[in-house]
Amino acid sequence: MRDAAGNFSVLDRTCSLVVLLCFLHISVTLIYYIRNSDSRQTFVQNHQTPQSHRKLTEQRVTTEETRPPSVSNDTVTERKLETCPDNPPKLVGPLRVEFSDPVTLDLVREQNPALQPGGRFKPEECIAQQKVAMIIPFRNRDEHLKFWLYYMHPILQRQQLDYGVYVIVQDGDELFNRAKLLNIGYVETLKEYDYQCFVFSDVDLIPMDDRNIYKCFSQPRHLSVSMDKFGFRLPYTQFFGGVSSLSKEQYLKINGFPNNYWGWGGEDDDIFNRISFKGMSVSRPDGVIGRCRMIRHNRDDKNDPNPQRFDQIAHTRQTMGQDGISSLSYKVLKVEKNQLFTKITVDVGKP
Ligand code: UDH
Ligand code: NGS
């Protein structure tokens with residue numbers, strides 16, 4: 001009986017020891033696990049790639065879709081993206097530009113997968129310096145537009161601009177009115193986005209160097225300074241035709257552009273006059289960076305030289321206060337968006 005009681009007490013003690021050891025083992029394992037999982041999280045926080053950082057920043061609210069799978073909710077930190085640099089790193093300099101082989105819109109779409117509907121883009125790696133509306137006056141130049149889109153979209157993306165492309169189409173077959181279409185472009189693009197800068201580009205002009213940045217400067221800018229058709233020179237000092245850019249402030253200071261130049265010529269000289277009468281100067285890239293090619297073409301129907309243009313440009317000072325963005329009237333007939341551009345068809349009225 002005593003023997004049995006003695007055996008029981010040995011067994012009892014052994015069992016207690018085993019339980020204690022088990023408890024100790026579990027505790028140590030638990031402590032080890034907790035400490036280890038802490039350091040794993042620290043590792044994740046310190047080793048996010050610039051790519052994953054980018055997705056978590058620019059003050060965007062991070063969603064489940066954009067969050068890298070290995071990062072848990074409480075490790076997500078927000079960091080502001082930096083402003084894009086003055087010299088965008090992907091620029092390549094001189095470009096080969098030629099128009100012998102036609103391009104298709106399919107090809108341009110394929111080559112520009114980052115575009116948003118309406119021909120919109122903004123860089124992901126930094127915050128663009130400016131929001132720029134590209135405004136093209138247009139009627140019946142589809143072949144030229146394909147080349148413009150083909151060359152310009154990749155250039156504008158390398159220039160790290162937050163931009164949209166707007167083709168302002170004059171409806172009907174009245175005399176063409178380039179400057180009024182540009183005014184309409186200004187008003188209509190601002191309805192869509194908070195643009196700060198407006199680049200006004202003929203559809204047939206392509207820069208030959210991507211360092212000619214399609215943005216705004218402290219003074220209104222003339223960008224197409226060195227055209228092949230003029231032997232890569234300015235045809236005259238006051239020339240402001242082809243491609244130009246004005247900030248919102250600069251544009252409003254001159255009451256926008258004239259609405260009364262019907263047919264070819266003079267409206268760009270009127271704009272130049274407005275700029276100088278308001279005490280501004282014209283900024284330009286140098287003659288090498290500012291080289292550009294024009295797609296050769298015949299004069300369009302309903303765009304014959306305007307016989308009144310010389311008289312009109314002689315009176316800019318008197319007319320610019322009344323004729324401009326302040327007196328603009330037109331009707332929007334249609335707005336269409338595709339991947340490469342926004343097309344706004346308008347009724348500009350008659351002379
Ligand atoms: N534009 C059109 N459709 C037209 C007329 C003009 O889209 O019917 C636009 C287009 O964006 C063009 C811009 O307006 O690039 C300027 O018009 P333009 O090309 O007529 O002016 P440019 O000075 O040519 O380039 C003038 C005619 C040259 C004839 C030369 C004959 N050898
Ligand atoms: C000037 C025109 C401008 C025109 C420039 C270049 O003579 O509108 O030629 O034209 N001014 C007047 O006619 C008053 S271009 O050869 O590019 O067609 O932009």
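A charge counts as sitting over a ring if NZ of Lys or CZ of Arg is within 6 Å of the ring centre and within 35 degrees of the ring normal. I start there since the first contact needs it. The model you have in front of you is predicted.

Take Arg120. Its charged end sits over the ring of Tyr193, 4.2 Å from the ring centre. There is another contact of this kind at Arg317, whose charged end sits over the ring of Phe277. In that case the distance to the ring centre is 4.1 Å.

Now the rings themselves. How many aromatic pairs does a search of the whole structure find? The search gives 13. One of them is formed by Tyr150 and Tyr151, with 4.9 Å from centre to centre and 80° between the planes, and it is edge-to-face. Is Tyr151 buried or exposed? Tyr151 is buried, because its relative accessible area is 14% and the limit for buried is under 20%. Tyr150 has 24%, so it counts as partly exposed.

Phe230 and Phe239 also form an edge-to-face pair, at 5.7 Å between centres and 85° between planes. Phe239, at 7% relative accessibility, is buried. Phe230, at 31%, is partly exposed. There is also an aromatic cluster, made up of Tyr186, Phe198, Phe200, Tyr251 and Phe257.

Next, the strands. Strand 2 covers residues 131-138, and seven of its eight residues are buried, so the strand is largely enclosed by the rest of the structure. Which strands does strand 2 pair with? With strand 3, residues 162-170, strand 2 runs parallel and is joined by eight bridges. Within that pairing, Lys131 has Asp162 as its bridge partner. The connection goes from strand 2 through helix 4, residues 142-158, to strand 3, and this β-α-β crossover is right-handed.

Strand 2 is also joined to strand 4, residues 197-201, by four bridges, and these two run parallel as well. Here Val132 of the pairing stands opposite Cys197 in strand 4.

One general remark on strands. In a regular strand, side chains alternate between the two faces of the sheet.

To go back over the main items: strand 2 is largely enclosed, with seven of eight residues buried, and it has parallel pairings with strand 3 and strand 4. Among the 13 aromatic pairs, I showed Tyr150 with Tyr151 and Phe230 with Phe239. The charge-over-ring contacts I covered are Arg120 over Tyr193 and Arg317 over Phe277.

How values were computed:
Residues numbered from 1 in each chain as written. Chains lettered and ligands numbered in written order. Predicted model: local features only at pLDDT ≥ 70, side-chain atom pairs only at ≥ 80, totals over all residues. Heavy atoms only, no water. Phe/Tyr/Trp six-rings, centres within 6.5 Å; stacked < 30°, edge-to-face > 60°. Buried < 20%, exposed > 50% of the residue type's maximum accessible area, 1.4 Å probe, protein only. Pairing = 2+ DSSP bridges. Right-handed = clockwise from strand over helix to strand, strands pointing away.
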